[in-house]
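Trainee: I should be grateful for a close look at one part only, the ligand site.

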Amino acid sequence: MKLAPSILSADFSQLAAEVERVTPEADLLHVDVMDGHFVPNLTIGPPVVKSLRPRTDLYLDCHLMVDNPGELLDDFAAAGADGITVHVELGDPRPLIARIRELGVRVGLTHNPDTPLDAVEPYLEEIDTLLFMSVFPGFGGQAFIPSVLEKVAEARRLVDERGLPVELEIDGGIGPATARQAVEAGADILVAGSAIFHADDPLAAARHLRAVATGADGAATASA
Ligand code: DX5
Ligand code: ZN
């Protein structure tokens with residue numbers, strides 16, 4: 001599995017230092033973009049990605065929670081995004097998928113906890129990452145919604161049956177109590193914000209999270 005610390009829970013006044021701190025245990029860096037319309041919260045945009053780009057070699061995984069992603073794709077690509085994820089709730093994502101591809105950026109598609117897998121299934125052949133929201137988007141530190149695991153497991157089956165190279169990513173409420181279940185359901189990438197950046201030692205928290213997620217902490221697994 002891959003671990004993606006979410007900078008939403010980092011100290012923005014020292015973002016580069018926060019990122020550097022967790023880098024030894026990070027496979028990607030998750031960047032939550034919120035516009036105050038699609039979700040009630042307002043966060044960051046392309047200028048922050050641009051500032052971060054020369055300060056890290058990590059893959060910048062930009063999760064767009066905005067009403068108008070189409071107007072921002074070029075700016076995020078120019079700023080140095082490696083992946084851009086858009087929400088299916090906005091309608092047919094094909095024009096967005098096509099533009100993200102044209103920009104040479106990896107394509108992510110996401111869906112809210114109450115959006116059925118059927119809504120994203122038609123696009124599995126066209127995307128690189130399928131993101132499962134395991135909280136309603138907008139804020140860090142919310143409780144994990146366990147019913148999302150059934151969708152992850154179903155998507156795992158579909159992707160494996162079809163031999164698709166789509167990575168399954170899960171976002172929201174991931175911590176030591178939930179990481180193992182997410183991996184067992186079939187998630188490849190775990191996003192974690194508060195579980196990492198709100199810890200006294202974020203690097204140790206990330207290391208612990210990975211150990212729990214992979215079963216390397218010695219915990220019995222449901223399948224064992
Ligand atoms: C929520 C964001 C998440 C958030 C997760 O809308 O998409 O990426 O950072 O935060 P935690 O890990 O604290 O639930
Ligand atoms: Zn996110």
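Trainee: Which pocket is the space taken by ligand 1?

Mentor: The space that ligand 1 takes is the largest pocket (more than half of the ligand's atoms lie within 2 Å of its grid points). The model is predicted, so local features need pLDDT of at least 70 and side-chain atom pairs 80 or more, whereas totals for chains, interfaces and linings use all residues. Residues are numbered from 1 along each chain, chains are lettered from A and ligands numbered from 1 as written, and side-chain values use heavy atoms without hydrogens or water.

The largest pocket (an open set on a 1 Å grid where a 1.4 Å probe fits, with protein on both sides within 12 Å along at least five of seven lines) has a volume of about 230 Å³, the space filled by probe spheres. Its lining, residues with an atom within 4 Å of a point, numbers 24, and Gly140, Gly141, Asp171, Gly172 and Gly173 lie nearest the centre. At least two lining residues each come from β2, β3, β8 and α7 (194–197), with strands of at least two residues and helices of at least four taken from DSSP runs.

Around ligand 1 itself stand 20 residues (a heavy atom within 4 Å), the closest being Ser6, Asp32, Gly138, Asp171 and Ser194. Of this shell, β2 (28–34) gives the largest share, 3 residues, while β3 (59–65) and β8 (189–192) each supply at least two. By class the shell holds 8 nonpolar, 10 polar and 2 charged residues, Gly counting as polar.

Polar contacts (N or O pairs within 3.5 Å) involve the backbone: an N or O atom of Gly141 lies 2.8 Å from a ligand 1 oxygen, as does one of Gly173 and one of Gly193. The protein covers 99% of the 380 Å² of accessible area (Shrake-Rupley, 1.4 Å probe) that ligand 1 has on its own.

Terms used: Polar contact = N/O pair within 3.5 Å; in protein donor to acceptor, adjacent residues only side chain to side chain.
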